Amino acid sequence: MIDAASRRISVLYRVLGSSNFRLNKVNNSVLKYTTAALKEGEKIVSIGDVSKCVRAAKHPEYVPRNYLSEPLSQDSLHHLRWMLQKDLLGQDMFLLGRPGPLRARLALQYLELTGRELEYVALSRDTTESDLKQRREISGGTAKYIDQSAVRAATMGRVLVLQGIEKAERNVLPVLNNLLENREMHLEDGRFIIPAARYDRLLKEHGKQELDRWGLVRVSEEFRVIALGLPVPGYHGNPLDPPLRSRFQARNVPTPSYQDTLKYLQTRFPAASESKLTQLVSASFALLTPEAVTLGLPDFPTDNLEKAAHLLAAFPWLSVLDVLSRLYPHHTLLPREGRGAVKDILSSFQIRPEELPPAAVSLDPGEGMTVASLRCGPFDASVEVACGLVPPPQPAPPAVETESLRRGLAGMLQSHLVGDVCVVGPRGCGKSTLVSLLAHSLGYTVEPIVLYQDMTSRDLIQQRATLPSGDTVWRNAPLVSAAIEGKLAVLDGLHRLHPSTLAVLQRLVHDRELQLYDGSRLVSHVLYDQLVSELGQERVQQSGLLKIHPSFRIITLAEPPGRGETSWLNPEVLSLFLF
């Protein structure tokens, strides 16, 4: 026994002393990423001392873009270096962290850096086995099996990103166990996918025709899985089964540090007051401390600090408390004890209410954008905001103009500049009237969507229908139609919707991209125009890409949590909207 212990200590000593395991050197070094062309269709990607040769994508329209446009922080580069290491070893990855777009952005940055094609699945409680493997469709009176994201990724060498892995029912994800561990899976149409090495050996012995007759399909060596999830317990969801969890190499993705966040915001928004930015970032990180967690306070959405800084830069009269309340509506979100705790934290940073008159608003409609001029006391500001496609010749909706209404309309117009909005208030307080006035003033056509408790992601995105001939088709839900046509989608009843159903909209809100059930993909107008200029209109349309209109916006309506009810305003919802 002593000899065995000494051998283990000796091995550990050699590992720790090797040049490849100097953690302090790696963590303290300044990393950079580089790409260098080797030959036609190949390049080498390097992050620090880790390099990988990658081939050009066969379908470049499916490779994420515009995620590496800004300089990457050292934290991000260390995460990307780790992902490059795991990719070289052929291992699947699991990124854990707080709610927000940070984990998904890291995965998309890695795919853009290495030029890999993406298959994206947002998991929810109604995700089924057929959503991952194959779905049976009827076309021309004949049943056909259509490969879904997991099978397409495995056979075409793409990267499968599973968002919200803790939200899927426990009997769904085990269907991927064999694919993750052995790169094998039995398909509903009778085929069987097997690892590349075994397929190549059989190919030499029996030939392609025989393997096709056997129904064997080759899994690409480039196939990888990146799972994104929240730590459970700690957040609401289903804990992963140990067998499934063991298939991944996991990494925690923490919130960027206080210093890095403050430096980035000061560089990105030099017009914003430095003292206000310091108060803003200090208070947000104070609400993330273990002491705040023990008080039962939900996580502050630090990923939305960029939107808050944008508001402070565009409208200098806004107070820090006003901007913080739009990101973290503690007066609505928390019970009395929680509101008192947040008030004490904010008071420690000299963040207090400031009485200001409602801003006077004047609008100058233009083509595609409206110039909004706001004046509050000695301050004034003019900004361009997105507007609808219909000029407002019709009279405004009937409403009694009050100071509260003017203040709410000015606040919504400011928030409309930087992102999607959630309006919270009790029943009958005028939420719909406020949205109608905003839509009228900006020339929007409203697409009303009523949410309900049993609503599924299919009801929200695409609904399956049957034609008179018996063929099955997918029809766009009103939300997708609004995105394509540039309407204002008003989701009424957010408090009734199941959290996992809302989570499927994360990419649409954060990145203006969404993968639909029929295989087509919604992409932002910037990316769509870029792809058309490079690949041509015909190829982009054949690839199933649909353009999201630049005017598209989402406004949600909700009621505050009742006394004794579980709050629907969880950290994931907080990361999606301004309130």
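**Reading a pocket and a sheet**

Tutor: In this predicted model, the lining of the second largest pocket is made up of 22 nonpolar, 14 polar and eight charged residues.

Student: How should I read such a pocket, and what is the volume of the second largest pocket?

Tutor: The general idea is that rolling a probe the size of a water molecule over the atoms shows where empty space is left. Here, the second largest pocket has a volume of about 1,300 Å³, and among its 44 lining residues those closest to the centre are Asp322, Arg326, His331, Arg407 and Gly408.

Student: Which elements give two or more residues to the lining of the second largest pocket?

Tutor: They are the helices H15 (320–327), H16 (330–333), H17 (336–348), H18 (403–418) and H19 (431–442), together with strand E17 (421–424). The largest share, nine residues, comes from H18, and domain 2 (258–348) and domain 3 (360–576) each supply at least three residues to the lining.

Student: E17 is a strand in that list, so to speak of sheets, in what order do the four strands of the open sheet lie?

Tutor: In general, strands of a sheet pair through backbone hydrogen bonds, either parallel or antiparallel. In this case the order is E17-E25-E21-E18, with parallel pairing; E17 and E18 (446–450) are the edge strands, each pairing on one side only, and neighbouring strands are turned by 20° against each other on average, direction ignored.

Student: How many bridges join E17 to E25, and where does H19 lie?

Tutor: Four bridges join E17 to E25 (residues 553–558), and Val421 has Ile555 as its bridge partner in E25. H19 lies across E17, E18, E21 (488–492) and E25, and runs at about 165° to E25.

Notes. Residues are numbered from 1 along each chain as its sequence is written. This is a predicted model: local features need pLDDT of at least 70, side-chain atom pairs count only at pLDDT 80 or more; totals for chains, interfaces and linings use all residues. Side-chain values use heavy atoms; hydrogens and water are left out. On a 1 Å grid over the protein atoms alone, a cavity is a set of points where a 1.4 Å probe fits but cannot get out, and a pocket is an open set with protein on both sides within 12 Å along at least five of seven lines; lining residues have an atom within 4 Å of a point. Grid points are joined across faces, edges and corners, and a volume is the space filled by probe spheres set on the points. Ala, Val, Leu, Ile, Met, Phe, Trp, Tyr, Cys and Pro count as nonpolar, Asp, Glu, Lys and Arg as charged, and the others, Gly among them, as polar. Domain bounds come from an automatic or database domain assignment. Two strands pair if DSSP finds at least two bridges between them. Axes are lines fitted to C-alpha atoms, for helices over the stretch in contact, and angles run from 0 to 180 degrees between N-to-C directions. Contact means heavy atoms within 4.5 Å.
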